[in-house]
Amino acid sequence: MIDDACGCDDYGVSRRSILKAAGLAALAGVTTSMIGDVLTSTVYGAGEGNILVVLSLRGGADGLSLIVPHAEKAYYAARPTTSIAASKLQAADATFGLHPAFAPLVPLWKQGKMAGLHAIGLPSPNRSHFEAMELIEDADPGSSARIGWLNRMISGLASTPDVFDGVQIGSTVTPTSLVGPAASLSTSGFNDLRLPFSDNPTGQARIASILKNQYAAHPGPLGAAGTNAIALASRAGEIDDAVTAGSVSSVAYPKSPLGKALATTAGLIRARVGVKAVALDSGGWDHHVDLGWRIDSGIADLAKSLAAFFADLGPDGDRVTVVTLSEFGRRLTENGARGVDHGYGNAVFALGAGVAGGQYYSRWPTLGSGSQIDGDLAVTTDYRAVLMEILQARFPSLDLSTVFPGVKAAPLGFMR
Amino acid sequence: MSATRLSASASPAVLPAEHQHVASRFTFGVDEAVVADLKASGGWQHWFERQLAWTRIPDPDAVRTPSWFARIEDAPAVAWSRIVSGETSGWQYGNDFSTYTMARKVVSRRQVHEVMTDFWSNLLYIPAGEDRSFPWRFSYDQVIRTHALGRFRMMLREAVVHPSMSGWLNNNTNTKNGINENLGRELLELYTVGRPAGYDENDVKSSARILTGFKVDIFGTYAASYKPSDHYVGPVSVMGFSAKNADPDGRAVVNDYLDYLARHPATANRIARRLCTRFVSDTPSDAIVAAVAKAYLASDTDIKATLRALVRHPDFIASVGQKVRTPIEDVINTARVLGVAPKGISGDRSFARQMIWMSTAIGQQQFEWPRPDGFPETSSTWTSPARLIRSWSFHYNMAGNWSGSQDVTMTTMADQMPTTWPLTLGDLADHQARMLLGRPASSAMRKAVAATFDAPETLSFASAAKVPDWAWITVRAAILNSPEGLLR
């Protein structure tokens, strides 16, 4: 018999759902420290807190197609084959309108749960995919330490962050935003995170104990990862059960990678393991060619997936705020292949808890030739100011100066 | 298996630590054949030289692997016609190509060449099965293979203007009347000088203009051509390279430009750092990067000379234990050291096909990285708790052949075992550590194996027949699952 059936001593909090699943009686005989941890986490109600979902539109989404500045003649002049007529836009006001493929999200918009922000981006242009993504996700240009802003966020919310505080869903590669000293998890799902011999609890416990000892004695990141793996595996089964149990309503997600990742995210939230930040990727926004039909299908997938996500969450949606980010916008002028090359200022969406939605927010620079930056939409709001506004509203205990050091910016007012 | 097999001894001889290190870093798995080659070559430097002279190594099994796939060598027009007729899909072409790539890594005797093909394929990265590039993807692979141990300058010349690259990064739509910057930018950022070199947006525009004129009939015949009337004519300037570019046929300017970039000190530094990140550690010293970059420039981008400088630097030999295998490397290595090799394709249970989903299940799929920058070369990327759990399960799966692999060569249990008995559990742990990891078992490994059986290390087996197959599987998986089993 191993001395610590849970193996969780590196993750001191939020075992509430496991406690619920296992039943208190099953814990008899387990070490007192674990009981103590569980009681602590129950007191703090770790599973009922607010959650931030950061959805990265990888490739540099064309903000001028997401939120079309239909009052600008310059937009139509620069895009003879790829502009969208004002009459086709959804939820339009005098300046802006949503791309027609956002139709599935218009009900949320009308309920005031979705806001559109424009002319957002990095403080200075960077048209490299990889460098711009690194900058956006590291978000601390004054420091050479490779620590992402989501890692700083979860570090700021708990003295000993839990492996489930920050989770990347849909990819097994950790994004820059989550890299750092606080343990985090990157996975496509939870069904493959159990140790071998899941049908043989004695054998499985023995293997857990052996691996734990071997990796604990191994120096460096590999040893640490092995130790964390044992703790993760001991809890993966219960989470997988919650994920696969599905929602009470019959919600149909698109069968796309984003649809699957959001379905898994909803399950993780239902499992109430205390997740605070979820990072998700939506790929394929690098539209150098045939912007028209390609972005139409990309937005349709995005809109259907997010509509299904909030329907699936039900009352839990009151705890969840989604923000979309992309490394840069695209050039104003279309290229020779009915596409758009890498640009600068971009559109951002905020959805869900705390959002004062149903309208657009922007210090709009206009598209006049004197306002452009090297042929692109200018940036008038630092993307970090947008994130700070959300964190301020949803995680008020957080010291924002540690998450985004040195940033001072006026809020746009899109959070309640 | 011959009577002189290494595993016949109760205590199989292991290579000297330096030999094991070089072979572990520059092969996809130190199997018995690699051990024999190293022993026969009289020093790892000699072995390395023989591997660099890859065309002289007979490799019939690897050369035959394309013939396992009915369509992999289809001409581009034929491939697309099969898509139009609904006979097959671009995804299937991609899956065949990835399967072929994995299989070849297992069976090839030219291991250093395979490793370097993988390295350059990841730098000059094109995914498999992508619509605009897949009909030419196998042809592109031939370019990388041809130059993988040749001159980077020549590889760059052929790769950048290859029709597969034109499709992938949209250069086929880049014309003087409508510039598409995609390839022109990635050429600078990813394939050569890198962002720290400090080029600006005007450099990017010139870079794209130089590359105008290359055409591919995407979604048609996929025929590749050069169209002077689409080529931008007029002065161009990129980071100190300039040309009048007055000829409508700009291909000579393209070659001059690519040579200039290949020979640029910033390119030397970028490639040297990436090589050191793959073969030395995630954080190589400036000293070894500078030494490798110097050899690259002094040899006019000769890859053999560059690699010699890397392996001869003291930091290389001192870097034992600094790299963790990627999921793909884990799958290939596990197959090789367990003596499991694909030998053809008859269906979904063919081992070659299973290798694709095995590595995917651990967290990495061959040629499925979604962006032009290739898989990260850093081990830290692949050292997550979730990845370790999946690798641990995979090692049991492979040791036990729980996937019921077909079209595969496997060493029988009798041929894996020593011939001298009785032996204790501790002896068996040591035997398998030597066979699978190329080192004696540490006391932690002996303890781990014994604990797996809930038995003392001194538990004795009178003969091979007294070792149940499940026990043998467990010993082998426990050795592969030790931290040392994940290190390259």
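How do the residues of the lining of the second largest cavity divide into nonpolar, polar and charged? The close-up views below, taken from a predicted model, address this point together with the other cavities, a buried asparagine and a domain interface.

**Figure 1. Lining of the second largest cavity, with seven nonpolar, three polar and three charged residues.** The space enclosed here amounts to about 100 Å³. Thirteen residues form the lining, and those closest to the cavity centre are S56(A), R58(A), I136(A), E137(A) and L325(A). Two or more lining residues come from each of β1 (51-57), α6 (129-138) and α7 (149-157) of chain A. Helix α6(A) provides the largest share, three residues.

**Figure 2. The largest cavity, with a volume of about 280 Å³.** Its lining comprises 27 residues, of which D118(B), N122(B), R278(B), Q364(B) and F375(B) are the closest to the centre. In chain B, at least two lining residues are supplied by each of α6 (90-107), α7 (111-123), α8 (137-147) and α18. The greatest contribution, five residues, is that of α7(B). By residue class, the lining contains ten charged, nine polar and eight nonpolar residues. A search of the whole structure yields nine cavities of 30 Å³ or more.

**Figure 3. Surroundings of N333(B) in helix α18 of chain B.** The helix spans residues 327-338. N333(B) has a relative accessibility of 3% and is therefore classed as buried, the cut-off being under 20%. Leaving aside residues up to four places away in sequence, N333(B) is in contact with F28(B), G29(B), V30(B) and R325(B). Helix α18, in which N333(B) is placed, is also one of the elements of chain B that supply at least two residues to the lining of the largest cavity.

**Figure 4. The interface between domain 1 and domain 2 of chain B, burying about 570 Å².** The domain assignment of chain B places domain 1 at residues 153-251, domain 2 at 265-317 and domain 3 at 415-486. A distance of 28 Å separates the C-alpha centres of domain 1 and domain 2 of chain B. Across this interface, eight residues of domain 1 are in contact with six residues of domain 2. Carbon and sulfur atoms account for 46% of the area buried between the two domains. On the side of domain 1, R153(B), T192(B) and V193(B) supply 64% of the area buried against domain 2, more than any other three residues.

Technical notes: Residues are numbered from 1 along each chain as its sequence is written. Chains are lettered from A and ligands numbered from 1 in the order in which they are written. This is a predicted model: local features need pLDDT of at least 70, side-chain atom pairs count only at pLDDT 80 or more; totals for chains, interfaces and linings use all residues. Side-chain values use heavy atoms; hydrogens and water are left out. Helices (H or I, at least four residues) and strands (E, at least two) are DSSP runs, numbered from the N terminus. Buried means under 20% relative accessible area, exposed over 50%, partly exposed in between (1.4 Å probe, protein chains only). Contact means heavy atoms within 4.5 Å. On a 1 Å grid over the protein atoms alone, a cavity is a set of points where a 1.4 Å probe fits but cannot get out, and a pocket is an open set with protein on both sides within 12 Å along at least five of seven lines; lining residues have an atom within 4 Å of a point. Grid points are joined across faces, edges and corners, and a volume is the space filled by probe spheres set on the points. Ala, Val, Leu, Ile, Met, Phe, Trp, Tyr, Cys and Pro count as nonpolar, Asp, Glu, Lys and Arg as charged, and the others, Gly among them, as polar. Domain bounds come from an automatic or database domain assignment. Buried area is the accessible area (1.4 Å probe) that two parts lose on being put together, summed over both.
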